[in-house]
Amino acid sequence: MDYKSSFGLDRVTVHNRPLVYLDNGATTWMCPAARQAIEAYETTYRANVHRGVHALSARATERYEAVRDTLTRLINAPDRNEVIYTPGTTEGINLVAFGWARRHIGDRKVALPEFEHHANIVPWQRWTAGIRPVRVTDDGAVDVDDWERALAEDQVGMGVFAHISNVLGTVQDAQRLCDIARAQGKPVLIDAAQSVARLALDVQALGCDWLAFSSHKMYGPTGAGALYGRIERLDETEPMLYGGDMIERVTLDKTTYADIPARFEAGTPNIAGMIGMGAAAEWLLTRDFDAIRAHEEALMARCLAGMAKIDGVRVLGTAMPKLSAVSFVVEDAHPMDLAGLLDFRGVAVRSGHHCAHPVHDKFGIEGSLRASFAIYTTEEDIDHFLDALTTSMEKLR
Amino acid sequence: MIQDVVNEIANELSFFDDPEDAYAYIIDLGKRHAGLAPQEKTDPYLVKGCQSRVWLHHHREDGRHRFRTDGDAFIVRGLLALVTRVFDDREATEILSIGPEELLGKVGLKSFITPGRQNGVRAIIERIHAYARAEKTVTHA
């Protein structure tokens, strides 16, 4: 299937060149189904949800709530009420840190691999006794023995990890990491932002307590996302936001809260965003995840082989499996200079620290470049990127 | 005159039809920019509001303001080379006569650097202006 054309990416030019979009780790483009669902909501049944008895509000509510069923299927959650709508992965993690960890393990630490995204570090620093860093090997894999040691420590209250590192692209053996945490009786949260669109997720098989993901990294709109939480944990969780939609009865003296999930969804939500996310999830559910993975593995192999032939390029984290993103540095070249030159060749890559200072500290570098792939990325895109990289490096010599 | 230098730079950059060439030219300026010694690149001299690290040293010499700068990336060093060429070795009144938009808009830097870097250029010029304004405040106090 020609995804590039159906997503509309073949019609975009930058600096008078065809766009080669390799910043999918930051955000993917929207699939046509998501665009159409948003358009339909905005033009044929736009109304607020959970309010009013008129037909339009009922229609909007029905479609908006149906997304919960789709997301439940996407991650194989046992119960639709365990899927909380959020504006994205970051807020999902913050809800767990503030609403659960602060109250239940606030005097203990959170174990997490050194390569985590800031969104999966800072909330834990803020609301618990701090971080117990779990060693990442020089080739970019989680040191599973150290994870096991960490989860066994009394001072550690829970474990969290990114299913796929947004910097290194390394894929964690999520099952094993969850099993280890469970064996210690410690809850575990998975940041699935980078994995939800490329690996079939099953929270029941994994046995995780929470799993957070975002719409805009799975071919849906920005500002929408979801948090799966095991019902016992959600029962123990204090809401982070208070207001409309999350209450049962308000008097000026006392308020009782609505049931889960509404308890965690205060205020008028991003209705169009969630409807778009639902459409993207429906679309993803009709894809073959094995084929998605095979496609990305082929792109990764081609990219790594090409980079290995260019003198002065150093890939960060060569541990396999590696999907979705490859970060690298170039000898004597600043990532920003290279990204700027690549941009003139039509190639969009990320430069900087990719919201993960600690992993860059670990590799002893200030920043890196990151090329990240998606379902519509082609082998020609990779070749074009490698050519542009070679040319840009020459310009900096 | 400070305005002459600004016009000179605008003129130099106008030779490039292709923005990539102008970008490469600024990178080249960055490679040749004198910069600072490693021990001078310390936190108190960092300019806040830049995407990458930028250091600015200032001192007064015979009533004039002297600026020396450095940055991580060549493109940043190149932009700093231009900024330094405009503002270094000037009196406060001259410095305050040229604002960031003069360089970004009139000179045309805006057309080939990203909004993030444009903000960096604004941040450094504002810091340079602050030194010039501080002198004027003291003088007229």
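Setting aside neighbours within four places in sequence, R53(B) is in contact with E366(A), L46(B), D70(B), G71(B) and D72(B). That makes R53(B) a handy place to start a tour of this predicted model, since its contacts include a residue of chain A, E366(A).

**Around R53(B)**

You'll find R53(B) in the loop that runs between helix 2 (19–32) and strand 1 (54–61) of chain B. Is R53(B) buried or exposed, or something in between? Its relative accessibility is 34%, so R53(B) counts as partly exposed. The side chain of R53(B) also makes a polar contact of 3.3 Å with the side chain of D72(B). For a sense of distance, look at P115(B): it sits 62 residues from R53(B) along the chain, and the two C-alpha atoms are 16 Å apart.

**Chain B as a whole**

Now zoom out. Chain B has 6 helices and 2 strands, and starting at the N terminus its elements come in the order α-α-β-β-α-α-α-α. Its C-alpha atoms fill a box of roughly 50 × 35 × 25 Å, taken along the principal axes. How does the radius of gyration of chain B fit that of a compact globule? A compact globule of 141 residues would have a value near 14 Å, and chain B has 15 Å, so the two agree.

Of the 141 residues in chain B, 48% are buried. If you take the contacts in chain B between residues at least 6 apart in sequence, 65% of them join residues at least 24 apart. On the outside, chain B exposes about 6900 Å², with carbon and sulfur atoms supplying 52% of that area.

**Where the two chains meet**

How many residues of chain B are in contact with chain A? There are 15 of them, and they meet 13 residues of chain A. People often give the size of an interface as the accessible area lost when the parts come together. Here, chain A and chain B bury about 1200 Å² between them, and 59% of it is on carbon and sulfur atoms. Three residues stand out: E20(B), Y23(B) and K31(B) supply 40% of the area that chain B buries against chain A, more than any other three residues.

**The nonpolar cores**

The largest nonpolar core has 78 residues, and the ones with the most contacts inside it are L71(A), L211(A), F213(A), M218(A) and Y219(A). Which element gives the most to this core? That's helix 10 (residues 271–285) of chain A, with 10 residues. Take M218(A) as an example: beyond its neighbours within four places in sequence, it is in contact with residues including F213(A), M277(A), A280(A), A281(A) and L284(A). Apart from this core lies another one, of 71 residues, and among its members are V313(A) and M393(A) as well as I26(B) and A123(B).

**Two buried threonines**

Chain A offers a nice pair to look at in its loops. T377(A) is in the loop between strand 17 (368–372) and helix 14 (379–396). With a relative accessible area of 2%, T377(A) is buried. A polar atom of its side chain lies 2.8 Å from the backbone nitrogen of A374(A). Not counting residues up to four places away in sequence, T377(A) touches L22(A), N24(A), H295(A), L299(A) and I382(A).

T237(A) is in the loop between helix 9 (231–235) and strand 11 (247–250) of chain A. T237(A) is buried too, at a relative accessible area of 7%. This time the side chain has a polar atom 2.7 Å from a backbone oxygen, that of R233(A). T237(A) also touches L95(A), G99(A), W100(A) and F264(A), again leaving out residues up to four places away in sequence.

**Some backbone oddities**

Here are four backbone angles in chain A to look up in the structure.

| Place | Feature | Angle |
|---|---|---|
| I260(A) to P261(A) | cis peptide bond | omega about 10 degrees |
| M320(A) to P321(A) | cis peptide bond | omega near -5 degrees |
| H15(A) | positive phi, not a glycine | phi about 50 degrees |
| Y219(A) | positive phi, not a glycine | phi about 75 degrees |

P261(A) lies in the loop between strand 12 (255–257) and helix 10, while P321(A) lies in the loop between strand 13 (313–315) and strand 14 (325–330). H15(A) is in the loop between strand 1 (13–14) and strand 2 (17–18), and it is partly exposed at 34% relative accessible area. Y219(A) is found in the loop between strand 9 (210–214) and strand 10 (225–229). Y219(A) has 2% relative accessibility, so it counts as buried.

Methods:
Residues numbered from 1 in each chain as written. Chains lettered and ligands numbered in written order. Predicted model: local features only at pLDDT ≥ 70, side-chain atom pairs only at ≥ 80, totals over all residues. Heavy atoms only, no water. Helix = DSSP H or I, 4+ residues; strand = E, 2+ residues; numbered from the N terminus. Buried < 20%, exposed > 50% of the residue type's maximum accessible area, 1.4 Å probe, protein only. Polar contact = N/O pair within 3.5 Å; in protein donor to acceptor, adjacent residues only side chain to side chain. Contact = heavy atoms within 4.5 Å. Core = buried A, V, L, I, M, F, W, Y, C linked by side-chain atoms within 4.5 Å. Rg over C-alpha atoms; globule rule 2.2 N^0.38 Å. Areas by Shrake-Rupley, 256 points an atom, 1.4 Å probe, with all protein chains shown as cover. Buried area = accessible area lost by both parts, 1.4 Å probe.
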